Amino acid sequence: MDRKVLDVDLDGVCADYTRAMADWLIRQGRLPAGRYPVPTTYEMTEADGWPFPDAADWLAAHTAAETDRLYARMPVIQGAPEALRELDRAGVDIRIVTHRLFVPGHHRLVVADTAQWLDDHDIPYRSLCFTGLKDSMHADLHLDDAPDIIMALRAAGEPTCVFDQPYNHDAPGLRIRRWDKEGVETLLRLLGV
Ligand SMILES: [Mg+2]
């Protein structure tokens with residue numbers, strides 16, 4: 001049987017990066033307890049309630065959070081593991097595609113923590129790809145949350161579905177709102193399974 005290939009992003013799709021960074025900042029005393037900014041832009045900026053004056057400050061915090069095992073411990077986005085197992089059972093090849101290797105010297109940590117997190121949540125996948133060049137890959141369907149990546153994939157002619165987040169509401173076209181029955185059915189229909 002020909003299995004369809006679904007490229008699935010991690011942060012903002014399966015893993016709750018926003019929540020994980022907010023929790024880390026609360027532990028550092030840089031956000032008040034219980035303050036979870038609503039991310040209305042993809043970049044984490046002060047305007048959205050994050051304590052980052054500029055991109056360099058965000059990167060420094062992100063780098064420290066990686067060292068504190070951010071990627072091993074981050075919460076899942078509700079329903080993602082169950083939905084991915086259902087897609088796998090339905091005959092879909094899940095290829096995890098993530099742009100996480102951008103801190104020099106952290107690659108072993110990031111790759112290991114990512115694989116551990118996927119195992120811990122029993123997420124089925126056939127390939128694990130670390131690349132920011134997602135539009136260089138061909139799949140039957142891509143699922144992503146980042147507006148610039150969605151645009152690049154569509155410009156490359158790749159079938160792309162948006163995973164709904166507050167910062168991507170301007171992205172047109174196909175989208176699923178959450179990992180529920182309707183979301184899984186939509187993905188299966190788009191894949192032609
Ligand atoms: Mg993402």
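**Domain contact and sheet architecture**

Four residue pairs are in polar contact between domain 1 and domain 2, with both members at pLDDT 80 or more. The largest share of the domain 1 side that touches domain 2 comes from helix H5 (residues 107–120), which contributes seven residues. The model is a predicted one.

The chain is divided into two parts: domain 1 spans 4–15 + 75–191, and domain 2 spans 17–72. The contact draws 20 residues from domain 1 and 17 residues from domain 2. Taken over C-alpha atoms, the centres of the two domains are 22 Å apart. Together, domain 1 and domain 2 bury about 1,500 Å² between them. Carbon and sulfur atoms account for 64% of that area. On the domain 1 side, Phe 102, Asp 113 and Tyr 167 supply 31% of the area buried against domain 2. No other three residues supply more.

The count of salt bridges between the two domains is one. Arg 69 forms a salt bridge with Asp 113. The closest N and O atoms of this pair are 2.5 Å apart. Asp 113 is also one of the three residues named above for their share of the buried area.

The sheet comes next. It is open and has six strands, in the order E3-E2-E1-E4-E5-E6. The pairing is parallel. Strand E3 (127–130) and strand E6 (175–176) form the edges, and each pairs on one side only. Strand E2 (residues 92–98) runs parallel to E3 and is joined to E3 by four bridges. Within this pairing, Thr 98 stands opposite Phe 130 in E3.

Two helices that lie across strands of the sheet can be described. Helix H4 (residues 80–89) lies across strand E1 (4–8) and E2. The angle between H4 and E2 is about 135 degrees. Helix H7 (residues 181–191) lies across E1, E2, strand E4 (141–144), strand E5 (160–163) and E6. H7 runs at about 145 degrees to E4.

Across the whole structure there are 15 salt bridges. Among them is the pair formed by the side chains of Asp 144 and Lys 134, with an N to O distance of 2.9 Å. Asp 144 lies in strand E4 and Lys 134 in the loop between E3 and E4, so this salt bridge ties together parts that are 10 residues apart in sequence.

Conventions: Residues are numbered from 1 along each chain as its sequence is written. This is a predicted model: local features need pLDDT of at least 70, side-chain atom pairs count only at pLDDT 80 or more; totals for chains, interfaces and linings use all residues. Side-chain values use heavy atoms; hydrogens and water are left out. Two strands pair if DSSP finds at least two bridges between them. Contact means heavy atoms within 4.5 Å. Axes are lines fitted to C-alpha atoms, for helices over the stretch in contact, and angles run from 0 to 180 degrees between N-to-C directions. Domain bounds come from an automatic or database domain assignment. Buried area is the accessible area (1.4 Å probe) that two parts lose on being put together, summed over both. A salt bridge is a side-chain nitrogen of Lys or Arg within 4 Å of a carboxyl oxygen of Asp or Glu. A polar contact is a pair of N or O atoms within 3.5 Å; within protein, one must be able to donate a hydrogen and the other to accept it, and residues adjacent in sequence count only if both atoms are side-chain atoms.
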